Amino acid sequence: MMNSILVTGGAGFIGSNLVEYLVNKYPDFKIVVVDSLTYAGDLENLNAVKDLKNFTFVHGSISDRGLMERVFHHYIVHGVIHLAAESHVDNSISEPDVFIETNVKGTFTLLDVAYKYWMEKPFVYKHGFENARFLHVSTDEVYGSLGETGLFTEKTPYAPNSPYSASKASSDMIVRSYHHTYGMNTVITNCSNNYGPHQHDEKLIPTVIRKALAGEEIPIYGDGKNIRDWLYVLDHCKGLDLVYDYGKSGEVYNIGGKNERDNNYIATKICELLDTLVPKETSYKNQITYVKDRAGHDYRYAIDASKIENELGWNADENFESGILKTVKWYIQKYKN
Ligand SMILES: NC(=O)c1ccc[n+]([C@@H]2O[C@H](COP(=O)([O-])OP(=O)(O)OC[C@H]3O[C@@H](n4cnc5c(N)ncnc54)[C@H](O)[C@@H]3O)[C@@H](O)[C@H]2O)c1
């Protein structure tokens, strides 16, 4: 049987882009996706890979220990890339419970199943699983908020501000503890904001494009000056692949694109692209409106990615302007139908 890599959350935004990248790059590995298909997961995101021989989908939750044990045994899982999570900050403010359930408890369950399946006892891997590895995919939001200057490095102290980032920070700490206590081969990545195909309608960039095309008001929080460091999703996936293959066990790698943009710039840029690609009488910019700010809205996130660049040779292929053009074109097709 082929070696299997388990990708959790593979029907979501980043997961589905990653799976497409991996199944094509590694035809000799079986990519097993476990996804519970919450509102954020969509099997259509996996259309491009669903018939490939080295791809399998399992419908279920990472919090279901029995199911996870069966998946590890049945597919002889040799590696995990863990993306399954509740991921929308706004939802974590209105309904935090499920963020703790999935992001904290679910990560613990998955990690503990992997530990028991791969290892005989602390620091001793079972025969045949010596190279088994757990990559935990996390976010730069664990570091809190920045002022006008400064960058998040892997040494920045954690200061999560939302229930979402707090749940991700907790999961990072649990993964860290399994490395230090049990000698598990783990790596953690903390990435900045992603954008690109397959992102859920609720997130900023799809919302701007969707509302613009529908002729509706384009809602921007507060004064639109919040800054994020935007990374095209495929560049994130390439970074995950590098960290999975070459990252040092127990280490953390920040991934980010040196593409800080504020929400005003993003909304304006998208409207300008739409003005060219799907022109109408008046500019889409006239639809931009400002709405009440998100509670506890972090002002700025920005990543120092020099560790992954210097140690693993990662570099983003897209800048915001090249990535957003591809993205807008993709959503025009999606929302046209
Ligand atoms: N989107 C970003 O900008 C970004 C940036 C950095 C890190 N991340 C992290 O990357 C990961 C993926 O993010 P995304 O934007 O693709 O999220 P997403 O919300 O689009 O996808 C999450 C997926 O996980 C699945 N899922 C949720 N609960 C589950 C459970 N209990 N068991 C199995 N599957 C479950 C959902 O059905 C969905 O398919 C998350 O861990 C997130 O914290 C995201």
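Where in the chain does Asp140 lie? In this predicted model, Asp140 is found in the loop that runs between β7 and α5. Asp140 is buried, because its relative accessible area of 0% falls under the 20% limit. Leaving aside neighbours within four places in sequence, the residues in contact with Asp140 are Phe152, Asn190, Cys191, Ser192, Tyr301 and Ile303. A further relation across the sequence is that between Asp140 and Ile255, which are 115 residues apart along the chain but have C-alpha atoms 8.4 Å apart in space.

The two elements that flank the loop of Asp140 also take part in the surroundings of the ligand. Strand β7 (133-139) and helix α5 (163-182), together with helix α1 (13-25), each contribute at least two residues to the ligand shell. The largest share, 3 residues, is supplied by β7. The shell is made up of 12 nonpolar, 14 polar and 2 charged residues. Of the 28 residues around the ligand, those that come nearest are Ile14, Asp35, Ser87, Tyr164 and Lys168.

Backbone atoms of the protein also approach polar atoms of the ligand. A backbone N or O atom of Phe13 is placed 3.0 Å from a ligand oxygen atom, and a polar backbone atom of Leu37 is 3.5 Å from an oxygen atom of the ligand. For Ile62, a backbone N or O atom lies 3.0 Å from a nitrogen atom of the ligand. Of the 830 Å² of accessible area that the ligand has on its own, 96% is covered by the protein.

Leu37 is also notable for its backbone conformation. Its phi is positive, at about 50 degrees, although Leu37 is not a glycine. Leu37 is located in the loop between β2 (30-35) and β3 (55-59). With a relative accessible area of 26%, Leu37 is partly exposed. A positive phi, near 80 degrees, is likewise found for His198, another residue other than glycine. His198 belongs to the loop between β9 and α6 and is buried, with a relative accessible area of 15%.

Helix α6, which follows the loop of His198, has Ile205, Pro206, Thr207, Val208, Ile209 and Ala212 as buried residues. The cover over these buried residues includes β9, β10 (218-221), α8 and α10. Just after α6, Gly215 adopts a positive phi of about 75 degrees.

Helix α10, one of the elements that cover α6, comprises residues 320-336. Its 17 residues extend 23 Å from the first C-alpha to the last, close to the 24 Å expected at 1.5 Å a residue. At the N-terminal end, α10 is capped by Asn319, a side-chain oxygen of which lies 3.1 Å from the backbone nitrogen of Glu321. The buried residues of α10 are Phe320, Gly323, Ile324, Thr327, Val328, Tyr331, Ile332 and Tyr335. An α-helix has 3.6 residues a turn, so residues three or four places apart point the same way. Among the elements that cover the buried residues of α10 are β9 (194-195), α6 (204-214), β12 (231-232), β14 (260-262) and α8.

Strand β14 contains Arg261. Arg261 is buried, because its relative accessible area of 18% is under 20%. Not counting residues up to four places away in sequence, Arg261 touches Asn226, Ile227, Arg228, Trp230, Ile266, Phe320 and Glu321. Phe320 is thus listed both among the residues touched by Arg261 and among the buried residues of α10. A polar contact of 3.2 Å links the side chain of Arg261 to that of Asn259.

Lys280 is situated in the loop between α8 (263-277) and β15 (288-291). Lys280 is partly exposed, because its relative accessible area of 37% lies between the limits of 20% and 50%. The side chains of Lys280 and Gln287 are joined by a polar contact of 2.8 Å. Lys280 and Ile5 are 275 residues apart in sequence, and their C-alpha atoms are 47 Å apart in space.

Technical notes: Residues numbered from 1 in each chain as written. Predicted model: local features only at pLDDT ≥ 70, side-chain atom pairs only at ≥ 80, totals over all residues. Heavy atoms only, no water. Helix = DSSP H or I, 4+ residues; strand = E, 2+ residues; numbered from the N terminus. Buried < 20%, exposed > 50% of the residue type's maximum accessible area, 1.4 Å probe, protein only. Polar contact = N/O pair within 3.5 Å; in protein donor to acceptor, adjacent residues only side chain to side chain. Near = heavy atom within 4 Å. Areas by Shrake-Rupley, 256 points an atom, 1.4 Å probe, with all protein chains shown as cover. Nonpolar A, V, L, I, M, F, W, Y, C, P; charged D, E, K, R; others polar. Expected span 1.5 Å × (residues − 1). Contact = heavy atoms within 4.5 Å.
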